[in-house]
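Please open the model in your viewer and keep the sequence panel beside it, since each stop on this tour begins with something to select.

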Amino acid sequence: MRFLKCFLKITLRFALVVLLFSVISCKEHDIRVIPDKIELAKVHYNQQAIFNFRLHNCGVDSVVVNNILSSVDYINLYNLPVKIGPGQKAIIKGVVKESGYEGKFKVKLTAIDNNSDKLIEFLLQGEREAEPISFEKKFVFTFGNLLCNKKQVSIGKVILDKIYRDTIEIYNPTSNNQHISALNASKSLDVKILDKTIAPNRCGKIEIIVSESNVANLGKFFKSILFKIEGENKPVIVTVEGDIFENFEKSKHLTDNRYPVLNIDEARFDFGKIKQGDKVKHSYKIQNNGRANLIIHKVQTTCGCTGVVIGKRILAPGKSGNIEIEFNSSGRRGTQQKSITLFCNDPKNSQYKLWIEGQVVQS
């Protein structure tokens, strides 16, 4: 009996402690947002987006949410002000306007009470659909007697042995069927005419396919494709440009950490003053600080006035060589700055630029 009384006394004391702790820890104002992260699906262009969320009063007193402030002016909120009792929830309706923003957006919302005190801050985020391109803005280039959306294709970075595609869209504004063919496609720059015959007031597509495998073609390229429109004498020219890099993704050197490392002590040389008509030379020392053979695939200059002579194209680990640069100042004057790009098999430095500069003065 004594044991039972002792047990009840301890239990009662514990319950009082728990109750006291819960009362102390209760907040008078504890407003939470449900869901805690408001994300909208893609908002259609030129249309409103309606969303709802709930405010939950987790405190012990009633709360009046007088307003919810937005960090932008394209959000409207309704059902305010609202009084929320302890443990109760209130549904708030919001509208994202149809204009005044574009792309991805992130908006800070702040709920305040009657005294303008902050109750809670939360985020609303989403993405607005891009403005549709009008027909007149899309087909702005002539393609013979047709119209197209572009005549210059920029592929960007091209990795050897990979395939890259881009599409040209064609529109036929005439009253007759129009037939298209390509005149000079190649293995590295191919063309797939998806719609060889385009009916009046219809669209067609041409796919440009770039795939390069020859290391001799590393670097920037600029090529032209000729298209023939049946019945027209003059071909249509489409240019394609990009920058070709070596493919190191399947290199065994990387997996076993045995690869070449190109090292050049100086990357820029100043000849100073050069008499017009003189030819001046400078030799750059290059070294292989890696653990595999360094191969110089090619050298590319930005000007015909700059010549390059490579001493050794293959350098064993620890070995060095020279690259001699010659600048011909004939026909030049004033400040000159030229670049020379080395293309090699160093996976971390496959395109390395050297620079020469000088001041050409008349003799």
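Begin with Arg291, which is found in the loop between β23 (279-288) and β24 (294-301); strands here are DSSP runs (E, at least two residues), as helices are (H or I, at least four), and they are numbered from the N terminus. Arg291 counts as partly exposed, at 45% relative accessibility, where buried means under 20% relative accessible area, exposed means over 50%, and partly exposed lies in between, with a 1.4 Å probe and protein chains only. Add Glu357 to the selection: Arg291 and Glu357 are 66 residues apart along the chain, and their C-alpha atoms are separated by 33 Å.

Two remarks on the source apply to every stop. This is a predicted model, in which local features need pLDDT of at least 70 and side-chain atom pairs count only at pLDDT 80 or more, while totals for chains, interfaces and linings use all residues. Residues are numbered from 1 along each chain as its sequence is written, and side-chain values use heavy atoms, with hydrogens and water left out.

**Loops and backbone**

Select Ile34 and Pro35 next, and look at the peptide bond that joins them, which is cis with omega of about -5°. Pro35 has its place in the loop between β1 (31-34) and β2 (38-39). A cis bond also runs from Leu80 to Pro81, with omega near -5°, and Pro81 is found in the loop between β6 (75-78) and β7 (82-84). That loop between β6 and β7 also holds Asn79, which is partly exposed, with a relative accessible area of 44%. If you add Ile92, which is 13 residues from Asn79 along the chain, you will find the two C-alpha atoms separated by 5.7 Å.

Most residues other than glycine have a negative phi, and most peptide bonds are trans. With that in mind, select Asp161, whose phi is positive, near 70°. Asp161 is found in the loop between β13 and β14 and is exposed, with a relative accessible area of 55%. Asn201, in the loop between β17 (197-198) and β18, likewise has a positive phi, near 60°.

Pro173 lies in the loop between β14 and β15 (178-182) and is partly exposed, with a relative accessible area of 39%. The C-alpha atoms of Pro173 and Gln152 are separated by 21 Å, and the two residues are 21 apart along the chain.

**Aromatic rings**

Now show the aromatic side chains, among which the structure holds six pairs; rings of Phe, Tyr and Trp (its six-membered ring) pair if their centres lie within 6.5 Å, and planes under 30 degrees apart count as stacked, over 60 as edge-to-face and the rest as tilted. Select Phe143 and Phe227, whose ring centres are 5.6 Å apart and whose planes meet at 50°, so the pair is tilted. Phe143 lies in strand β11 (residues 141-143) and Phe227 in strand β19 (residues 219-229), so this pair ties together parts that are 84 residues apart in sequence. Phe143 is buried, at 0% relative accessibility, and Phe227 is buried with a relative accessible area of 0%. Elsewhere, Phe51, Phe53 and Phe122 form one aromatic cluster.

Which residue lies over the face of Phe245? Lys157 does, at 4.7 Å from the ring centre; a charge sits over a ring if NZ of Lys or CZ of Arg is within 6 Å of the ring centre and within 35 degrees of the ring normal. Select Lys93 as well, and you will see its charged end over the ring of Tyr78, 6.0 Å from the centre.

**The core**

Keep Phe143 and Phe227 selected, and add Ile170, Ile180, Ile206, Ile208 and Val240: of the 30 residues in the largest nonpolar core, these seven touch the most other members. Such a core is a set of buried Ala, Val, Leu, Ile, Met, Phe, Trp, Tyr and Cys residues joined through side-chain atoms within 4.5 Å. The elements giving two or more residues to this core are β12 (146-148), β13 (152-159), β14 (163-171), β16 (189-193), β18 (203-211), β19 and β20 (236-245). Of these, β20 gives the most, with five residues.
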